[in-house]
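Reader: I'm in my first year and still learning to read these pictures. Could you take one part of this structure, go through it closely with me, and then show me what surrounds it?

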Amino acid sequence: MSVTLQLNLLPEVEAFLNQSPLASFVGGKSFPNADGNLVATIDPGSGQQIAEIHDLSEAEIDRAVEIADAAFPAWAALPQQERSSILLKLADAVEQRKPIIAQIESLDAGKIEAQAAGDVQNFVDTLRYFVELSGKVEKRTKLDVEGHEAWTVKQPWGACAFIFPWNFPFLLIGWGISPALAAGNTVVIKPAEDTSLSAIYLAQLAKEVGVPDGVINVVTGRGATAGSALSNNKQIKRMSFTGSPEVGRLVGEACGRNLVPVKLELGGKGAALVFDDVDVKATAEALVGAITFHTGQVCCDATRWMVHQDVYDEFVAHCRDLMQNVKIGHPLDPESQMGPVVNPKQCQRVLGYQAKGKAEGAECLVGGGPAKVDGYEGNYVNPTLLAGSLDNVAAREEIFGPVAYVTAFESEEEAIAMANDTDYGLANSVWTNDKDRADRVAEAMVAGNSWINAHNVFVHGVPYGGINKSGMGGGVLSVETLMDYYRSTSVVRPLG
């Protein structure tokens, strides 16, 4: 545990890591695997091992689902107020332990610690939001049908499964399980093998604050084993997957065979359309801030920048200055502005796309290549700005790193066409001081989300989701999401 001492971790974090190897947590207790198969957990900022997790087998995954299913009737039968009270206790406990969870998340996922703390607070706010919303749901709705007495009744589904990625481990758990739990479902969480620690901590904390055994279950392991077993399980009642389109297709196929409703939140290749009436420097600051936030490992990020030709040179000049001065460092260093990417494989992916983009004719305006951080052998890369034709591989495929691609446009129509020339459809933004144009362009872009004079905007009460290659099955953060976790039964009594 030399990394623990070197980085001056909180005593509670050291104690948690010293449980290693960390087992899954199912049915309110530790759930180790039988064969002793382990997966190393590496600090992306230093390259050092900080823990090991268990890689569960298919039979063990199936057993976890059985336990969640067995816990469902009692959880669903609780009065809404009682269930809400339990979940609010969990939200309070998470908030009280925010520094601990944030440090675990920072060390595990390579997040700047302050950003990780924001993710923890988002989890808390999301859980509270859906708990409050669930109290307003009318479970029984009368239907006006001639000659019959009829109504519909909403009931929770049962055991719901979730597979989460490594970029926002704790925040996305909140987005996923909060509506499911508030509606009365039980959950089985499969975190990414690279970033399982905060999920295990959450399950242990849930037990501590009185969440009934089997309601919140965490299973760990590799995607090809544990993840595949969960998505293929026939006992789950709903499935949610967040990750790449490639793996999303496999999850969708498995759920299709089992006729399990599935929600897929997949990747993106977002566009930012910058018109010539903006504050150019402020816009550059906002977009550089977005592409360097969590080292660009954000599916809804704006990675394609379409800039009006009249302000293109000024915009690029500001971006160059900003990108060259980003402070890259270990995520637990309070002076760091950008940390590492999550693992060596992702590091090579980012560097590989930089090379492929330049090989296809893109000009590297800023950065590129690996970055060095004194004292740490982590997965660091420099923020990069490429320019050129939009048929370039770096402009068309998701890179998932701090790499943006810039090009110029002449007209509004051309800009919209550029933004929509993609297989993805997650999130775009338009930057202009002309309100009518902003509204017009935002509505014309083909994506699940359009933002005006901002990017990466998440508001509870506003649906967030993707279309086309970016996903299916609805979004999150709104009442529609909560309603996904109720099934509906129609009841009819003929009269006369």
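**A helix pair and its surroundings**

Author: Let's start with two helices in this predicted model. Helix α11 covers residues 280–292 and helix α12 covers residues 312–324; their axes are 9 Å apart and make an angle of about 45 degrees. Angles under 35 degrees would count as roughly parallel and 65 to 115 as roughly perpendicular, so α11 and α12 are oblique to each other. The way α11 passes α12 is a right-handed crossing.

Which residues of α11 and α12 make the contact? On the α11 side, look for Val280, Lys281, Thr283, Ala284, Glu285, Leu287, Val288 and Ile291. On the α12 side, look for Glu314, Phe315, His318, Cys319, Leu322 and Met323. Sort the residues of this contact by character and you get nine nonpolar, two polar and three charged.

Now for the sheet beside α11. This open sheet has seven strands, in the order β14-β15-β16-β13-β12-β17-β18, and its pairing is mixed. At the edges sit β14 (363–366) and β18 (449–452), each of which pairs on one side only. If you ignore direction, neighbouring strands here are turned by 25 degrees against each other on average. Helix α11 packs on this sheet and touches β12, β13 (302–308), β16 (403–409) and β17. The direction of α11 makes about 160 degrees with that of β13.

What holds strands side by side in general? Strands of a sheet pair through backbone hydrogen bonds, and the pairing can be parallel or antiparallel. For a parallel case, take strand β12 (residues 270–274) and strand β17 (residues 427–431), which are joined by three bridges. One place to find on screen is Val274, whose bridge partner in β17 is Trp431.

While you are at this sheet, look at the loop between α14 (393–396) and β16, where you will find Phe400. Phe400 has a positive phi of about 65 degrees, even though it is not a glycine.

Next, compare that with another open sheet, this one of three strands. Its order is β5-β6-β20 and its pairing is antiparallel. The edge strands are β5 (140–143) and β20 (486–494), and each pairs on one side only. Neighbouring strands of this three-stranded sheet are turned by 20 degrees against each other on average, again with direction ignored.

Follow the strands across this sheet. Strand β5 runs antiparallel to strand β6 (residues 148–156), and four bridges join them. Thr141 has Thr152 in β6 as its bridge partner, while Leu143 stands opposite Ala150 in β6. How many residues lie between β5 and β6 in their hairpin? There are four, and in the turn Gly147 has a positive phi of about 80 degrees. On the other side, β6 and β20 also run antiparallel, with nine bridges joining them. Here you can look for Lys154, which stands opposite Ser488 in β20.

There is another helix pair to set beside the one we began with. Helix α5 (residues 98–109) and helix α8 (residues 197–209) have axes that come within 9 Å and cross at roughly 155 degrees. Anything over 145 degrees counts as roughly antiparallel, so that is the word for how α5 runs relative to α8. Where they meet, α5 brings Ile100, Ile101, Ile104, Glu105 and Asp108, and α8 brings Leu197, Ser198 and Tyr201. The residues of this contact come out as five nonpolar, one polar and two charged.

One more backbone detail is worth a stop. Pro21 lies in the loop between α2 (11–17) and β1 (24–26). The peptide bond that joins Ser20 and Pro21 is cis, with an omega of about 0 degrees.

Finally, zoom out. The protein has 17 helices and 20 strands. Its radius of gyration is 23 Å, close to the 23 Å that the globule rule gives for 496 residues, so the protein is as compact as a globular protein of that length. Taken along the principal axes, the box that the C-alpha atoms fill is roughly 75 × 65 × 40 Å.

Technical notes:
Residues numbered from 1 in each chain as written. Predicted model: local features only at pLDDT ≥ 70, side-chain atom pairs only at ≥ 80, totals over all residues. Heavy atoms only, no water. Axes fitted to C-alpha atoms, helices over the stretch in contact; angles between N-to-C directions. Helix = DSSP H or I, 4+ residues; strand = E, 2+ residues; numbered from the N terminus. Left-handed = near helix turned anticlockwise from the far one by under 90°. Contact = heavy atoms within 4.5 Å. Nonpolar A, V, L, I, M, F, W, Y, C, P; charged D, E, K, R; others polar. Pairing = 2+ DSSP bridges. Rg over C-alpha atoms; globule rule 2.2 N^0.38 Å.
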